[in-house]
Amino acid sequence: MTVRLNTAPVRRVLILAILILIWEGCARAGWIDPFYLPAPSAVANVIVTLFADGEIWPHLEATFGAAVIGIGVGLVLGIVLGFGAALLPLLAELLEPVMILLNAIPRVILAPLFVIWLGIDLGSKIALAVILVVVLIFFAVYNGIKEVDQRLIERVRTLGGGTWVLVREVYVPSVTAWVLGNLKVAVGFAFTGAVVGEFVASSRGLGYLLQFAQSTYNAGLTIALIILIMTFVMVLFTLSERLERRLLRWRYR
Amino acid sequence: MLRVEDLTLGYGGEPILKGVSLTVDSGRFASLIGPSGSGKTSILRAVTGLQKPDSGSIALDVPQNAVGFLFQDDALLPWRTARQNVALGLRIHGMARKEAETRADDWLAKLGLAGFGDRFPRQLSGGQRKRVAIAQVLALEPRFLLMDEPFASLDAIVRTNITQELIGWVERENLTVLLVTHDLEEAISLSDVVYVLSQGPNARIRSRHEVNIARPRDLLGTRDDPQFPALLKRLWDELSAEAYSETVGEAAQ
């Protein structure tokens, strides 16, 4: 198998590898204080240890659980509310200002309130992930329906299609495109909600571990956790992109 | 037969059309020409029920489901393949999916698109998309065809070829047609009768011209008919007078 060196992904990996090598070299030469920035090999060692002794699994389970449930509930709620507001003007009158307000504020400020209401367990983290995702998806669906191409609606109507045919053939595919286009962002939002929620108050989760690492001035563990979170989000991001390309193949083929 | 009587129509404020009356007898091809903004498209939209008239009456001797509407733009569903787009109208009218898609393939083949059924609209050229749109309408075997400058966006060669195919089909099936066009030569070449609309707002039918060129017609050959240049000059003079009246009206304001 031959690897073409002149492609963008290969160039990126090469540059990253060079930077890591420089970082490692500087750390070994004693030019960087490991208290602030441990060597990449030390960070890798922390990650390996976390998995080897099994300490990480309950934390991963907590964060993933909150994020995945947050995405699921946020998607369903956002789609239902978005469809409802687009089709029922009265509901739009009530929901639109609330959603605009929620969209305008940094929604993570609600985290302490969720802890008071739902405790420090999974519920408050899911709630924060949901509130981050639901606003995004609500606007994707609401605007998606309001901005459906009128020519397509008229085309289906002149072919004899009624409301149900319009929903099935025009609204649902159009909204699906908008929602899938926002799915990658939703993944990031859900993880933000889960981790920030754990950061505020929790007994487990990657956010809890991060809070612990910060309070003990453990830079190695902090960087290891940041890398882990980034890796998992990137994996979900890639899966979302593949799902989008599969379901929206009419847009990419 | 289509009979439009005393049609007045607008979008609030001064009506675009006022007191428009016209008739298209069964099996005849009528064209509607007029300056921009004279409400040509609005008449077609009113006939299909997409636009509600302020007053007047529209009578058709065929049911609405026997009326086909070819739009100015192709307006195909981007998430459906060419086959699915053509089959859509058939399925709306109750045909089973498999049968509808087989019928759609037949229609695509008739319009020179055999083997293109699996392609999405964005994978087709402008001319191919237009053929799919024609197949979508003709597959429903309409008795009355409304066309709103359906080929305006195509280059001259493709436009002439598709128009020739369509006129052949109209003549063979003895369809009744009302065409909106800006192209005076196209109007004369295709029509049995040409209606000229005056400048809007308050546009009305300014004149009606019979075209007695024998059928079947060859699109390019009709231009050699002795009637053609004389009628073209009359239509040209009438539209120029309407354009002049608009300029004078604007200057007076």
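These legends walk through several close-up views of a predicted model with chains A and B.

**View 1. Here is where chain A and chain B meet.**
Start with the contact zone: 21 residues of chain A are in contact with 27 residues of chain B. The size of an interface is often given as the accessible area lost when the parts come together. For this pair, about 2300 Å² is buried between the chains, with 59% of it on carbon and sulfur atoms. Three salt bridges are counted between chain B and chain A. In one salt bridge between side chains, Arg80(B) meets Glu169(A), at 2.8 Å from N to O.

**View 2. The largest pocket has residues of both chains in its lining.**
This pocket has a volume of about 250 Å³. From chain A, the lining takes in Val172(A), Pro173(A), Thr176(A), Leu247(A), Leu248(A), Arg249(A) and Trp250(A). From chain B come Trp79(B), Arg80(B), Gln84(B) and Phe120(B). Arg80(B) may look familiar, as the residue that pairs with Glu169(A) in a salt bridge. Which helix gives the most to the lining of the largest pocket? That is H8(A), with three residues. Helix H8 of chain A spans 163-200, and helix H11 (249-252) of chain A also supplies at least two residues. Sorted by class, the lining has seven nonpolar, two polar and two charged residues.

**View 3. Helix H7 of chain A has buried residues covered by parts of both chains.**
Zoom in on residues 150-158 of chain A, which make up helix H7. Its buried residues are Leu152(A), Ile153(A), Glu154(A), Arg155(A), Val156(A) and Thr158(A). What covers them? On the chain A side, the cover includes H8. On the chain B side, the cover includes helix H1 (40-48), strand E5 (67-70), helix H2 (82-92) and helix H4 (126-138). Just after H7(A) sits Gly160(A), with a positive phi of about 105°.

**View 4. The second largest cavity is lined by residues of chains A and B.**
Stay by the end of that helix, since Thr158(A) turns up again here, in the lining of the second largest cavity. Leu159(A) joins it in the lining, along with Val67(B), Gly68(B), Phe69(B), Val137(B) and Leu140(B). The space inside comes to about 30 Å³. E5(B) gives the most to this lining, with three residues. Five of the lining residues are nonpolar and two are polar, with no charged ones.

**View 5. The largest cavity is lined by residues of chain B.**
The model has two cavities of 30 Å³ or more, and the largest has a volume of about 40 Å³. Around it are Phe29(B), Met147(B), Phe151(B), Thr163(B), Leu166(B), Ile167(B), Val170(B), Leu179(B), Glu186(B) and Leu190(B). Helix H5 (156-173) and helix H6 (184-190) of chain B each give two or more residues to the lining. H5(B) has the largest share, at four residues. The lining divides into eight nonpolar residues, one polar and one charged.

**View 6. A network of salt bridges links four residues of chain B.**
The members are Glu171(B), Asp192(B), Arg215(B) and Arg217(B). Look at the pair formed by the side chains of Arg215(B) and Asp192(B), 3.1 Å from N to O. Arg215(B) lies in the loop between strand E9 (205-210) and H7 of chain B, and Asp192(B) in the loop between H6 and strand E8 (193-197) of chain B, so this salt bridge ties together parts 23 residues apart in sequence. Asp192(B) is buried, at 11% relative accessibility, whereas Arg215(B) is partly exposed, at 31%.

**View 7. Two more salt bridges of chain B join Glu99(B) to Arg103(B) and Arg208(B) to Glu210(B).**
Over all chains, the count is 24 salt bridges. In the pair of Glu99(B) and Arg103(B), the closest N and O atoms are 4.0 Å apart. About one helical turn separates these two, because they are four residues apart in helix H3 (residues 97-110) of chain B. Glu99(B) is partly exposed at 44% relative accessibility, and Arg103(B) is partly exposed at 28%. For Arg208(B) and Glu210(B), the closest N and O atoms are 2.9 Å apart. Here Arg208(B) is partly exposed, at 42%, and so is Glu210(B), at 33%.

**View 8. Glu238(B) sits in helix H7 of chain B.**
Is Glu238(B) buried or exposed? It counts as buried, because its relative accessibility is 12%, under the 20% cut-off. Leaving out residues up to four places away in sequence, Glu238(B) touches Val196(B), Arg206(B), Ser207(B) and His209(B).

Methods. Residues are numbered from 1 along each chain as its sequence is written. Chains are lettered from A and ligands numbered from 1 in the order in which they are written. This is a predicted model: local features need pLDDT of at least 70, side-chain atom pairs count only at pLDDT 80 or more; totals for chains, interfaces and linings use all residues. Side-chain values use heavy atoms; hydrogens and water are left out. On a 1 Å grid over the protein atoms alone, a cavity is a set of points where a 1.4 Å probe fits but cannot get out, and a pocket is an open set with protein on both sides within 12 Å along at least five of seven lines; lining residues have an atom within 4 Å of a point. Grid points are joined across faces, edges and corners, and a volume is the space filled by probe spheres set on the points. Ala, Val, Leu, Ile, Met, Phe, Trp, Tyr, Cys and Pro count as nonpolar, Asp, Glu, Lys and Arg as charged, and the others, Gly among them, as polar. Buried means under 20% relative accessible area, exposed over 50%, partly exposed in between (1.4 Å probe, protein chains only). Contact means heavy atoms within 4.5 Å. Buried area is the accessible area (1.4 Å probe) that two parts lose on being put together, summed over both.
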